[in-house]
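Student: I would like to learn how to read the main features of a structural model. May we go through one together?

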Amino acid sequence: METDFILSAILLSGLAGLAATLGAIIGWLNKERIEFIGAPLRHGIIAFGGGALIGAIGLVLVPHGVESQPLWLATATFLIGGLVFMGLSWWLKKRNTPIGQLLALMLDFVPEAIVLGAVISMEFEQAVFLAVIIGAQNLPEGFNAFRDMQMGSKKAGKLAVPLMALSPFVGMAAAMLGLFVYESNDLSLGMITTFCAGGILYLVFEDIIPESHDEDCGLFPAYGGLLGFAVGLIGYGLVG
């Protein structure tokens, strides 16, 4: 494996993960220093993150998974992913541990970073565009994950930014996995992507969409969801 591909995968996945950390820092600044993001925009960002996640499911994860596995297996892993994260969400809520949006972020980021690593040696341009799109998704998702945790409990709030600071390293590890272990059409990678897609979709309907609504915020938040999906649409147009 050429050193250039390894360094490029590390750099691209690290920068994409850093966007999630930056989103959490923006959330922390908005809460602790000066509230420069008002309620309508805040709810719009939450909806944007939800739209970006749905875009990732519909335009990246599911199509990739269906290409590399039989339809029955893709459907089974998708539904199992939803069931697993329904159970996990129930368990976490019983313990008042608000990390649903952090889980959604990682379920989106990790398989996409694996795919980035898997394609970088074959289609470098595609990997660059994918990193840009992942970063654009991760920024609002990092903001949402921070807000989710800081609203849940003091302990979770204190851990939010340090946990999000690990995002670049998670991305690097996932990209290395894709580079050295998987090929872009690998059956097991396809199963991972559809499993994660099912988990993400459950968490979007369970946590993100309900939080994006507020009767005092007008019509803007719903359009934020469309803008988030548009990020995925642009990415699909560029690299699909």
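Student: In what order do the elements of the protein chain run from the N terminus on?

Tutor: Reading the elements in order gives the fold's outline. In this predicted model, the succession is α-α-α-α-α-α-α-α-α, that is, nine helices and zero strands.

Student: What share of the contacts in the protein chain with a separation of 6 or more comes from residues 24 or more positions apart?

Tutor: Such a share describes how contacts are distributed along the sequence. Here, residues 24 or more positions apart supply 86% of the contacts with a separation of 6 or more.

Student: How much of the protein chain is buried, and how much area does the chain expose?

Tutor: Of the 240 residues, 48% are buried. The exposed area is about 11300 Å², and 71% of that area comes from carbon and sulfur atoms.

Student: Which residues have the most contacts inside the largest nonpolar core?

Tutor: The general idea is that nonpolar side chains tend to be buried together in soluble globular proteins. In this model the largest nonpolar core has 29 residues, and those with the most contacts inside it are Ala-9, Phe-109, Leu-116, Ile-120, Ile-134 and Met-164. Two or more residues each come from α1 (3-32), α4 (100-119), α5 (124-152), α6 (154-164) and α7 (167-180). The most is given by α4, with eight residues.

Student: What does Leu-116 touch, leaving aside residues up to four places away in sequence?

Tutor: Leu-116 touches Ala-9, Leu-12, Ala-127, Leu-130, Ala-131 and Ile-134. There is also a second, separate core of 13 residues, which includes Phe-85, Ala-104, Cys-196 and Ala-197.

Student: How many aromatic pairs does the structure hold?

Tutor: One reads an aromatic pair from the distance between ring centres and the angle between planes. The structure holds one such pair. Phe-85 and Phe-195 lie 6.1 Å apart, centre to centre, with 65° between their planes, and the pair is edge-to-face because that angle is over 60 degrees. The pair joins distant parts of the chain, 110 residues apart: Phe-85 belongs to α3 (residues 71-94) and Phe-195 to α8 (residues 187-211).

Student: Is Phe-85 buried or exposed, and what of Phe-195?

Tutor: Phe-85 counts as buried because its relative accessibility is 9%, under the 20% cut-off. Phe-195, with a relative accessible area of 26%, is partly exposed.

Student: Where is the kink in α8 centred?

Tutor: The kink, of about 45°, is centred on Val-204. As for span, 25 residues at 1.5 Å a residue should cover 36 Å in α8, and the end C-alpha atoms are 35 Å apart, so the two values agree.

How values were computed. Residues numbered from 1 in each chain as written. Predicted model: local features only at pLDDT ≥ 70, side-chain atom pairs only at ≥ 80, totals over all residues. Heavy atoms only, no water. Phe/Tyr/Trp six-rings, centres within 6.5 Å; stacked < 30°, edge-to-face > 60°. Helix = DSSP H or I, 4+ residues; strand = E, 2+ residues; numbered from the N terminus. Buried < 20%, exposed > 50% of the residue type's maximum accessible area, 1.4 Å probe, protein only. Contact = heavy atoms within 4.5 Å. Areas by Shrake-Rupley, 256 points an atom, 1.4 Å probe, with all protein chains shown as cover. Expected span 1.5 Å × (residues − 1). Bend = angle between axes of the 7 residues up to and from the residue. Core = buried A, V, L, I, M, F, W, Y, C linked by side-chain atoms within 4.5 Å.
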